[in-house]
Amino acid sequence: MAARPTFILASASPARRTLLDSAGIDAEVIVSGVDEDAVEATTAEALSAVLARMKAHAVEQRLRHSSAAPDRALVLGCDSVLAFDGQILGKPEDADEALKRWQAMRGRSGVLHTGHCLVELHTGRVAEEVGSTVVHFADLSDAEIEAYVATGEPLWVAGSFTIDGLGGPFVERIEGDHTNVVGLSLPLLRRLLATLDISITELWRQR
């Protein structure tokens with residue numbers, strides 16, 4: 001039996017690594033270094049796909065030029081962007097922007113797009129897909145918005161909210177995959193692996 005591939009996450013997101021860990025997958029993190037602010041696209045969905053692809057290939061190229069690269073490796077790049085009211089919302093620039101976003105989003109809904117790009121290092125094969133989930137936000141009070149922004153959490157995440165942190169109570173409901181909103185769709189990852197003839201069960205850590 002072939003050795004289990006090394007799974008590499010091209011993202012600094014602790015939430016994504018936690019998701020993989022909960023699914024039995026040990027991930028090595030290599031941050032891509034891609035300048036997200038320099039990339040433009042016409043839609044949130046397209047932007048998430050482009051950024052995920054850039055992250056995955058940046059790490060792939062780094063590994064190809066490294067003498068320490070594993071024999072078999074899978075590199076996963078992910079990026080999340082919120083489409084709201086015709087706007088493309090990544091991470092806010094500052095607390096004031098996060099505050100204004102939440103004042104606009106409360107009581108309304110947006111679509112969280114997460115791009116996924118999976119590269120098989122030793123073959124160069126690539127599988128890509130964007131997961132999209134409708135997010136319905138609670139009708140927050142001004143005090144709740146101000147308190148949430150003051151925690152700093154909205155400043156570090158796409159769309160200025162989390163579903164797996166302090167922002168969880170402010171999401172009334174979703175339509176679609178919960179893990180996609182966290183930042184990495186596990187069902188989508190299973191499908192991408194299958195297109196590369198890999199079962200997700202092959203990545204489970206030994207118990």
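Is glutamate 128 buried, partly exposed or exposed? Glutamate 128 counts as partly exposed, because its relative accessibility is 38%. On this scale buried means under 20% relative accessible area, exposed means over 50%, and partly exposed lies in between (1.4 Å probe, protein chains only).

Before we go on, a word about the model. This is a predicted model, in which local features need pLDDT of at least 70 and side-chain atom pairs count only at pLDDT 80 or more, while totals for chains, interfaces and linings use all residues. Residues are numbered from 1 along each chain as its sequence is written, and side-chain values use heavy atoms, with hydrogens and water left out.

**Salt bridges**

Side chains of opposite charge can pair when their charged atoms come close. The structure holds 14 salt bridges, each being a side-chain nitrogen of Lys or Arg within 4 Å of a carboxyl oxygen of Asp or Glu. Among them are these:

| Pair | N to O distance |
|---|---|
| aspartate 21 and arginine 205 | 2.6 Å |
| arginine 53 and glutamate 128 | 2.5 Å |
| glutamate 120 and arginine 125 | 3.0 Å |

Let us start with aspartate 21 and arginine 205, whose side chains meet in a salt bridge. This pair links distant parts of the chain, 184 residues apart: aspartate 21 sits in helix H1 (residues 14–22), and arginine 205 in the segment after helix H6 (186–195). Helices (H or I, at least four residues) and strands (E, at least two) are DSSP runs, numbered from the N terminus. Aspartate 21 is partly exposed at 42% relative accessibility, and arginine 205 is partly exposed at 22%. Asp26 joins in as well, since Asp21, Asp26 and Arg205 are linked in a network of salt bridges.

Our opening residue, glutamate 128, forms a salt bridge with arginine 53. Arginine 53 belongs to helix H2 (residues 44–64) and glutamate 128 to strand E6 (residues 126–137), so their pairing ties together parts that are 75 residues apart in sequence. Arginine 53 is partly exposed, with 32% relative accessibility.

In the third pair, glutamate 120 is buried at 3% relative accessibility, whereas arginine 125 is partly exposed at 31%.

**Two cysteines without a disulfide**

A disulfide is a covalent bond between the sulfur atoms of two cysteines. Here it is counted as a pair of cysteine sulfur atoms within 2.5 Å, and the count comes to zero. Why is cysteine 78 not bonded to cysteine 117? The sulfur of cysteine 117 is the closest cysteine sulfur to that of cysteine 78, but it is 9.2 Å away, which is too far for a bond. Cysteine 78 counts as buried, at 0% relative accessibility, and cysteine 117 also counts as buried, at 1%.

**Two aspartates with positive phi**

Most residues other than glycine have a negative phi. Aspartate 85 has a positive phi, near 55°. Aspartate 85 is found in the loop between strand E3 (73–84) and E4, and it is exposed at 51% relative accessibility. Aspartate 197 has a positive phi of about 65° although it is not a glycine. Its place is in the segment after H6, where aspartate 197 is exposed with a relative accessible area of 62%.
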